[in-house]
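The following exercises concern a ligand and the space that holds it. Please examine the sequence and the structure before working through each solution.

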Amino acid sequence: MLSGDMEKRQQMKDDLQRCIDAHKDELHSLSRDIWSNPELAGNEKHAHDRLVRFFSQDQTWTVQSHYKLPTAFKASWGPVSGGVGDPVLNVGFLCEYDALPGIGHACGHNLIAEVGAAAAVGLKAALENQTELPVPVKITVLGTPAEEELGGKIELINAGAFADIDLVFMAHPAQQDASFHPCIIIEEMLVKYYGKASHAAAYPWEGVNALDAAVLAYSNISVLRQQLKPDWRIHGIIKHGGEKPNIIPAYTELEFYLRTPLLKDLCDLKAKAEACFRAAAGATGCQVEITSPTPTYYNILPNATLASLYESNGKALGIHFPEQPTSFCGKRSTDFGNVSFIVPGIHPFFYICTDALNHTEEYTEAAGAEKAQLYTLRTAKALSMTAVDVVCCPDLLKKVRDDFRLAKLKQK
Ligand SMILES: NCCC[C@H](NC(=O)CCN)C(=O)O
């Protein structure tokens, strides 16, 4: 027999599930439209407009397009319950929608957008008729572009977009369901070599070969890798290697990603990498310019209370959470990590009915397939149900906030 409070929460969870199911075709159309029109980081114009239209069709949402960033948006609803002047609990849901170059939505960000929209619409349905919540509740949906490049969430943090948000939820497609999986710190290094052109056959001795520097740099990093800790990563490309075989390259450009679990390790890895890049310049007589053009993505802070609630709600919906997620490793990164340092939240991973790996063409196909929908909507329901638990139970909200404070202390 459920207690009165539990009975009310269950009724709210039933309401949100019915609402999400009632909107399933519209939600699928939303993510399919985004999937069919892949746009790169910072250029998600169609996705932005489509999501703004999705929320604007319901006049009870207050929608701000081009919110602080050209392709970010904000949709707000509420507050409900409580009296004028009462502190408001602002629950945030994040939508990502940037694709990858050449392979479209190979990370399923179209489904991230669908999960965020569905969970927000579901929570609204659960709250609409509530007049006696512990605190007034507001819902904020943030369209957070450019996760794969630029770090849209970090720009939004710096612009104050998260200042009044108390909880934050999103979920990411993967190969299995996991309420938490470690995502690590990442920093990009852009390396430019400047040499001197000359005819590569007639007067090669007159040239200073920037491609030699690039090749040496790549090789230096490749041998450095043997001496790195097993959970560190460094990987890169030669973005520009020259114009023609008979012109000794005067300019080359390389892009590298450096990843470590902890910030102090990142400093160590950056120093080792920089030594590799400068050695290549010295060996060839080139000048070198080393920059970090995008902000550092932080690791995701865990929140045990939110993760446990998510698992409990997910299991009630039939989600299987493997003891140890095996088929995908944690060596990936996300700008949600930076959000997790300023707002308590969760970023679960969810199965979409494929064993394909992210950032592959097979995953792109899976992210646009009908069979991903059941798992996508189920994830949205679990997120929304978790939000219901927290907004209805001040003790849980306190535990969430305690977890957040403890996790941040452990980072020091
Ligand atoms: N330049 C940042 C790359 C982030 C990228 N993130 C992911 O793959 C996670 C989901 N999109 C990464 O390479 O880890």
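**Exercise 1.** Determine which polar side-chain atoms lie close to nitrogen atoms of the ligand in this predicted model.

*Solution.* Begin with glutamate 148: a polar atom of its side chain is 2.7 Å from a ligand nitrogen. Next, take histidine 172, where an N or O atom of the side chain lies 3.3 Å from a nitrogen atom of the ligand. Both distances fall within the 3.5 Å cut-off for a polar contact.

**Exercise 2.** Identify the side chain that has an N or O atom 3.4 Å from an oxygen atom of the ligand, and state how much of the ligand the protein covers.

*Solution.* The side chain is that of histidine 359. On its own the ligand has 380 Å² of accessible area, and the protein covers 91% of this.

**Exercise 3.** Describe the residues around the ligand by class.

*Solution.* The shell includes Cys107, Glu147, Tyr297, Arg332 and Ser333. Sorted by class, the shell consists of three nonpolar, four polar and four charged residues.

**Exercise 4.** Which pocket does the ligand occupy, and what lines that pocket?

*Solution.* The ligand takes up the space of the largest pocket. The volume of this pocket is about 880 Å³. Its lining comprises 38 residues, with Leu100, Glu148, Tyr257, Arg259 and His359 nearest the centre. Strands β7 (185-194), β8 (233-240) and β9 (251-260) each give two or more residues to this lining. By class, the lining holds 17 nonpolar, 12 polar and nine charged residues.

How values were computed:
Residues numbered from 1 in each chain as written. Predicted model: local features only at pLDDT ≥ 70, side-chain atom pairs only at ≥ 80, totals over all residues. Heavy atoms only, no water. Near = heavy atom within 4 Å. Polar contact = N/O pair within 3.5 Å; in protein donor to acceptor, adjacent residues only side chain to side chain. Areas by Shrake-Rupley, 256 points an atom, 1.4 Å probe, with all protein chains shown as cover. 1 Å grid on protein atoms, 1.4 Å probe; cavity = no way out; pocket = protein on both sides within 12 Å on 5 of 7 lines; lining within 4 Å. Sits in = over half its atoms within 2 Å of the grid points. Nonpolar A, V, L, I, M, F, W, Y, C, P; charged D, E, K, R; others polar. Points joined across faces, edges and corners; volume = space filled by probe spheres on them. Helix = DSSP H or I, 4+ residues; strand = E, 2+ residues; numbered from the N terminus.
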